[in-house]
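Here is a briefing on one structure, arranged by topic. It starts at the ligand and works outward.

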Amino acid sequence: MKTSNFPIFTQKDITSEAELISHKLMIKAGIVRQLTSGLYTWLPLGHRILEKIKMIIREEMNAIGSTEILMPLIQPAELWKESNRWEEYGPELLRINDRHKREFCFGPTFEEVITDLIRKEVSSYKQLPINLFQISTKFRDEIRPRFGVMRAREFIMKDSYSFHSSEQCLNETYKKYSSAYENIFKRLMLNYTIVEADSGNIGGNESHEFHVIADSGEDDLLLDESTQGMNVEIAKIKYGETDVQKIINENNLKHVKGIEVGHIFKLGDKYSSKMKAEITTKESEKINLLMGCYGIGVSRIVAAAIEQNNDEKGIIWPSSISPFDVALIEIDGHKDKLVRNFSAVVYQKMQDSNIDVIYDNRELKLGNKLNDWELMGIPKVLIIGPKETKNNIVTLKDRVKETKTELHVDNICDVILQR
Ligand code: ATP
Ligand code: MG
């Protein structure tokens, strides 16, 4: 990729009253732009980061036998009336009418739509288990959209749904999801924790949340050395006490702040019983389907990763989700033919080795280009000027180690590839 085909939208100073460092840096680095409250455009740089995150999620979903589908974003009210959530969900549900005055909503979550699909397609235990996921835009009319994409109204979520004829099978799949989510957050190189959670308005019996630990997080987590942690809602229920400080002191718990990036639920027959989603068992009995659902906040992860990885110069991407592996900066290539030609050779070499490289051929001073790529958080920057061209070398600046080294042209790909 060359910057001539990849517009860079960095900004030195921002006017927006962004509170969080991640929100500020996402604007400065040209990752998103706000359209209006809670709605964001993902710029080229942001789009690449989302795609990297989605790729990791897809790989881990495939690894546990979950298959991708895509459901409509607009959902008919009738289904939501069947589950009672047309009433219960409240004003977060964006309700719309079509030209025939039929009622619809913009999907905030997809339990009704998937249950409707499965009740029509599946009638026997022999067709189970079924394990599906989608990655798509969701809409929740949040009362207070804030912190940029962290709490947006329109956002991207990976949501999975599994269907079973026995409790045991649901439990096994629930465990598989839990470990798939662990793999995902490890591969995203985030510092995370799992906590026992309340199932909120999705409902069901058992649920766990995955949180990225950050002081700016909106959720209070209580951690215990010996057992798994819990969020405050569940702690209040568990200890029968509303004073959180008292719970912490009396039970010797550690209080940390978290950003919820994933949530898994054992729903049981919550939706299938209301929506009459039944199957026939081996013994020819009719039973309600058992169900699990599993969400990941794809767009929120971008902000959460930045909260954990930044310095005074900008973002420092974990290598697994960096929009590029390396930025190649030529110094005054538009004036110096030799530099431009040598840069083109180095660029081609990296492309041949499948290195994700962005070649900065803008007519800008070296300092400005360097500041931009440091702000955008690219782990490695290669610089090529007259000195490098003459000696068949490149200068490598490492964003994390802050080192500067010279590499012979023949060694570039090897060094870049060892992350
Ligand atoms: P929160 O408590 O943060 O409002 P939630 O518990 O309502 O989230 P879930 O229904 O569990 O959200 O949705 C699955 C995931 O989608 C969440 O874990 C979160 O990462 C993400 N998500 C939820 N709401 C938003 C939002 N408004 N903006 C961005 N991501 C969101
Ligand atoms: Mg949740």
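**Ligand shell first**

Strand E13 is the main contributor to the shell around ligand 1, giving four residues, the most of any element. This is a predicted model. The points below cover the ligand shell, a small group of strands, one helix and the chain as a whole.

**Around ligand 1**

- The surroundings of ligand 1 comprise 17 residues. Those that come nearest are Phe155, His263, Gly295, Gly297 and Arg300.
- Four elements give two or more residues each to this shell. They are strand E8 (154-164), strand E13 (254-268), strand E16 (290-297) and helix H10 (298-308).
- Sorted by class, the shell around ligand 1 holds seven polar, five charged and five nonpolar residues.

**The sheet of E4, E6 and E5**

- Three strands make an open sheet, ordered E4-E6-E5. Their pairing is antiparallel.
- Strand E4 (74-76) and strand E5 (95-97) are the edge strands. Each has a single partner strand, so one side of each has no neighbour in the sheet.
- From one strand to the next, the twist averages 40°.
- E4 and strand E6 (residues 103-106) run antiparallel and are joined by three bridges.
- Which residue of E6 is the bridge partner of Pro76? The partner is Phe104.
- In general, strands of a sheet pair through backbone hydrogen bonds, in a parallel or an antiparallel way.

**Helix H5 and its cover**

- Helix H5 spans residues 111-121. Its buried residues are Glu111, Glu112, Ile114, Thr115, Asp116 and Ile118.
- What covers the buried residues of H5? The cover includes helix H3 (77-82), strand E7 (130-139) and helix H9 (270-274). It also includes E4, E8 and E16.
- E4 thus ties two topics together: it is a strand of the open sheet and part of the cover over H5.
- E8 and E16 also appear twice, in the shell around ligand 1 and in the cover of H5.

**The chain as a whole**

- The protein chain has 14 helices and 23 strands.
- The domain assignment gives domain 1 (21-311) and domain 2 (326-418). Their C-alpha centres lie 40 Å apart.
- Along the principal axes, the C-alpha atoms of the protein chain fill a box of roughly 80 × 50 × 45 Å.
- Of the 419 residues in the protein chain, 40% are buried.
- Take the contacts between residues at least 6 apart in sequence: 70% of them join residues at least 24 apart.

Notes
Residues are numbered from 1 along each chain as its sequence is written. Chains are lettered from A and ligands numbered from 1 in the order in which they are written. This is a predicted model: local features need pLDDT of at least 70, side-chain atom pairs count only at pLDDT 80 or more; totals for chains, interfaces and linings use all residues. Two strands pair if DSSP finds at least two bridges between them. Axes are lines fitted to C-alpha atoms, for helices over the stretch in contact, and angles run from 0 to 180 degrees between N-to-C directions. A residue is near a molecule or strand if its C-beta atom, placed from the backbone, lies within 6 Å of it. Ala, Val, Leu, Ile, Met, Phe, Trp, Tyr, Cys and Pro count as nonpolar, Asp, Glu, Lys and Arg as charged, and the others, Gly among them, as polar. A residue is buried if 20 or more other C-beta atoms lie within 10 Å of its own, exposed if 12 or fewer, and partly exposed in between; C-beta atoms are placed from the backbone. Two residues are in contact if their C-beta atoms, placed from the backbone, lie within 7 Å. Domain bounds come from an automatic or database domain assignment.
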